Amino acid sequence: MTFTSQIQAVALCRTPYKQKFGIPRQPGLVGAARGFVELQPPFNHIDAVRGLEQYSHLWLLFSFHENLSQGWKTTVRPPRLGGNEKLGVFATRSTFRPNGIGQSVVKLHKIHHKNGIVSLEISGMDLLDGTPVIDIKPYIPFSDAIETAQGGIAHEAPVLAEVKFTEQAHQQVKAYEKLEQYPRFEELIIGVLAQDPRPAYKKSKADPKEYQVALYDLDILWHMQDDAIVVTELRAGA
Ligand code: SAM
């Protein structure tokens, strides 16, 4: 049954994440990730967010717009199960789903209103830069947080990997961190890489591959050394 002709983006989400690889698999895992929800016409009116400043967290409903062309699958292999077991799409947070809609709770820091542009400063998002946001709602703790809830296969946050830097890479991070456009940069890199973004099948054996994750306009180059992640270089051009 088709019940509506069109859903519009009310906002675009600006985030440090320039490619899907490396984005945390859920919100709240990397608090150092700062971004903005920029309201789009005809919704970019300060009155549309009046009262929102009273809330510490928001629900963002958004489109998995990068995956829409690939459609949806009845079953998926969640990375948490090592890619070996299939679960129904509605039993997972798969990005390949009917209607391609995602939802994330993010922290709200500030509402900005300048030159007719309304933007919400947020952190902890798991969204690609440029993701269309289709709705914004306040997070209501008494109803949205359920202490006794069962978390299925995702009962606990993922185990974190150790992240190290070569001397040269660490100096680069510290230099970038002095610039306004790379807030909490070292923390961001550690937070992202500690999630070990590699596909599950890579994790069980020796892995000599060189990886890169795009954050802001930089490629972060890294590889595995025993069980630790070693950042070797930050390269311009992401
Ligand atoms: N918290 C949301 C949910 O449960 O609906 C998203 C969970 S989904 C597993 C998170 C992943 O979606 C990220 O790791 C990233 O790879 C992917 N992603 C984020 N933004 C996307 C976008 N605009 N289009 C396609 N995939 C996206």
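The following paragraphs describe the fold of a predicted protein model, its two domains and the core between them.

Residues are numbered from 1 along each chain as its sequence is written. The model is predicted, so local features are reported only at a pLDDT of at least 70 and side-chain atom pairs only at pLDDT 80 or more, whereas totals for chains, interfaces and linings use all residues. The mean pLDDT (the predictor's confidence in each residue, from 0 to 100) of the protein chain is 95, and 100% of its residues reach 70 or more. For the complex, the predictor gives an ipTM of 0.99 and a pTM of 0.96.

The domain assignment, which is automatic or taken from a database, divides the protein chain into domain 1 (11-152) and domain 2 (163-236). The centres of the two domains, taken over C-alpha atoms, are 23 Å apart. Their contact (C-beta atoms, placed from the backbone, within 7 Å) involves 14 residues from domain 1 and 15 residues from domain 2.

Helices (H or I, at least four residues) and strands (E, at least two) are DSSP runs numbered from the N terminus, and two strands are said to pair if DSSP finds at least two bridges between them. Six strands close into an antiparallel barrel in the order 1-2-7-6-3-8. The twist from one strand to the next averages 45°; axes are lines fitted to C-alpha atoms, for helices over the stretch in contact, and angles run from 0 to 180 degrees between N-to-C directions.

Strand 1 (residues 11-14) pairs with strand 2 (residues 34-39) over four antiparallel bridges, and Cys 13 stands opposite Val 37 of strand 2. Strand 2 is in turn joined to strand 7 by five antiparallel bridges, where Gly 35 has Ile 122 as its bridge partner. A residue is called buried if 20 or more other C-beta atoms lie within 10 Å of its own, exposed if 12 or fewer, and partly exposed in between, with C-beta atoms placed from the backbone. Strand 7 (residues 117-123) is largely enclosed by the rest of the structure, because five of its seven residues are buried. Seven antiparallel bridges link strand 7 to strand 6, and one of the bridge pairs is His 112 with Ser 119. In the hairpin of these two strands, which has two residues between them, Asn 115 takes a positive phi near 50°.

Strand 3 (residues 57-63) pairs with strand 6 (residues 101-114) over seven antiparallel bridges and with strand 8 (residues 131-138) over five. Phe 62 of strand 3 stands opposite Gly 102 in strand 6, and its bridge partner in strand 8 is Val 133. In a regular strand the side chains alternate between the two faces of the sheet. In strand 3, Leu 58, Leu 60 and Phe 62 form the covered face, whereas His 57, Trp 59, Leu 61 and Ser 63 form the uncovered one.

The loop between strand 2 and strand 3 contains Leu 52. Leu 52 counts as partly exposed because it has 14 C-beta neighbours inside 10 Å. Not counting residues up to four places away in sequence, Leu 52 touches Ile 111 and Pro 138.

In the second sheet, four strands form an open arrangement in the order 9-12-11-10, with mixed pairing. Strand 9 and strand 10 are the edge strands, each pairing on one side only. Strand 11 and strand 12 are joined by eight antiparallel bridges, and Met 224 stands opposite Ile 229 in strand 12. Helix 2 lies across strand 9 and strand 12, at about 55° to strand 12. Helix 3 lies across strand 9, strand 10, strand 11 and strand 12, at about 130° to strand 10. The buried residues of helix 3 are Phe 185, Leu 188, Ile 189, Ile 190, Val 192 and Leu 193.

A nonpolar core is a set of buried Ala, Val, Leu, Ile, Met, Phe, Trp, Tyr and Cys residues joined through C-beta atoms within 7 Å. The largest such core has 40 residues, of which Cys 13, Val 37, Leu 60, Val 133, Ile 189, Leu 215 and Ile 220 touch the most other members. Helix 3 (residues 185-193) supplies the largest share of this core, six residues. Domain 1 and domain 2 each contribute at least three residues to this core. Leaving aside neighbours within four places in sequence, Val 133 is in contact with eight residues, namely Ala 9, Val 10, Ala 11, Leu 12, Cys 13, Val 37, Leu 60 and Phe 62.

How values were computed: Two residues are in contact if their C-beta atoms, placed from the backbone, lie within 7 Å.
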